[in-house]
Amino acid sequence: MISIRNLSHVIDGRPILHDITLDLPRGGITALIGPNGAGKSTLLSLIARLTRIQQGQITVDDLTVGASSDRDLAQRLAIMPQQANVSARLRVGELVAMGRYPWNRGRPGYEDRAQVAESLAKFGLTQLADRFLDQISGGQRQSALAAMAHAQGTDYLLLDEPLNNLDISAARGLMRLLRDMADAEGKSILIVLHDINYAAAYADRIVAMANGRIAADGAPDGVLTPQLMRDVFSSDADIIRVNGRPVVVV
């Protein structure tokens, strides 16, 4: 379980997160939604150790972020950031193989190579393994970053807006793949999404954020209401049901 207690964060004197307390149990997909500036990516980056904790505490199972070693934490959770600074002249296979570093420290063995091959195949990248990143599309780069996180072989997978640059077919394919990873592999996936309908269709749980606070938390059916749309998104969009799931109609 990822346990967050009394987490607050300030950037350039501006409060971004206000006393966040949240438990993220093992298994399934949890979607973080909310308008721009709600604090979603900041929360994810704090869990992922990309940003130093200023106030509060985060634990991942029995490991405390900021106190436990980065290597131990990297063997528990993997992160796909919103923007990754990677060389354009890196090959797809090389990028995915970087996910194994917490385990092999740069000395890959058979198990590492097998995991990389599996991740490339899972994300449909096997045929692109020898291509440089500047020779593939933006959507394919997103898939390669997701494959790198998967190759890390962790129980927890954190993804910050992974649907950026993906067309509808690729976005649906990635969300279906994440759903399968949660169901078949027991992965615990925390994902920041801007598209509420993807959250409603694929997540087990939605955490809605507004102004650095938790505005709602629960199953999509209970969270996505006209009241939430008004309070969090300042929108009067209608909500209908399709196959038992709420759908926001714009």
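What follows is a walk through the salt bridges of this predicted model, ending at a nonpolar patch on its surface.

Because the model is predicted, local features need pLDDT of at least 70 and side-chain atom pairs count only at pLDDT 80 or more, whereas totals for chains, interfaces and linings use all residues. Residues are numbered from 1 along each chain as its sequence is written, and side-chain values use heavy atoms, with hydrogens and water left out.

The structure holds twelve salt bridges, a salt bridge being a side-chain nitrogen of Lys or Arg within 4 Å of a carboxyl oxygen of Asp or Glu. A convenient place to begin is R26, whose side chain meets that of D61 in a salt bridge with an N to O distance of 2.7 Å. This pair links distant parts of the chain, since D61 sits in the loop between β4 (55–60) and β5 (63–64) while R26 sits in the loop between β2 (14–24) and β3 (28–33), 35 residues apart; helices (H or I, at least four residues) and strands (E, at least two) are DSSP runs, numbered from the N terminus.

The side chain of R26 also meets that of D155 in a salt bridge, here at 3.2 Å from N to O. In this case the partners are 129 residues apart, with D155 in the loop between α6 (138–151) and β7 (156–160) and R26 in the loop between β2 and β3. R26 has a relative accessibility of 44% and therefore counts as partly exposed, a class that lies between buried (under 20% relative accessible area) and exposed (over 50%), with a 1.4 Å probe and protein chains only. D61, at 25%, and D155, at 33%, also count as partly exposed. Beyond these two pairs, a network of salt bridges links R26, D61, D62, R76 and D155.

Helices are joined by another pair: K122 forms a salt bridge with E185, the closest N and O atoms being 3.0 Å apart. Because K122 lies in helix α5 (residues 110–122) and E185 in helix α7 (residues 168–185), the pair ties together parts that are 63 residues apart in sequence. K122 is partly exposed at 25% relative accessibility, and E185 is partly exposed with a relative accessible area of 34%.

Turning to the surface, I240, V242 and V249 make a nonpolar patch of about 210 Å², where patches are made of residues with over 30% relative accessible area and no salt bridge, like charges being joined within 9 Å and nonpolar side chains (Val, Leu, Ile, Met, Phe, Trp, Tyr) within 5 Å. Within this patch, I240 is found in strand β11 (residues 238–242) and counts as partly exposed at 40% relative accessibility.

How values were computed: Accessible areas come from the Shrake-Rupley method with a 1.4 Å probe; for residues, only the protein chains shown count as cover.
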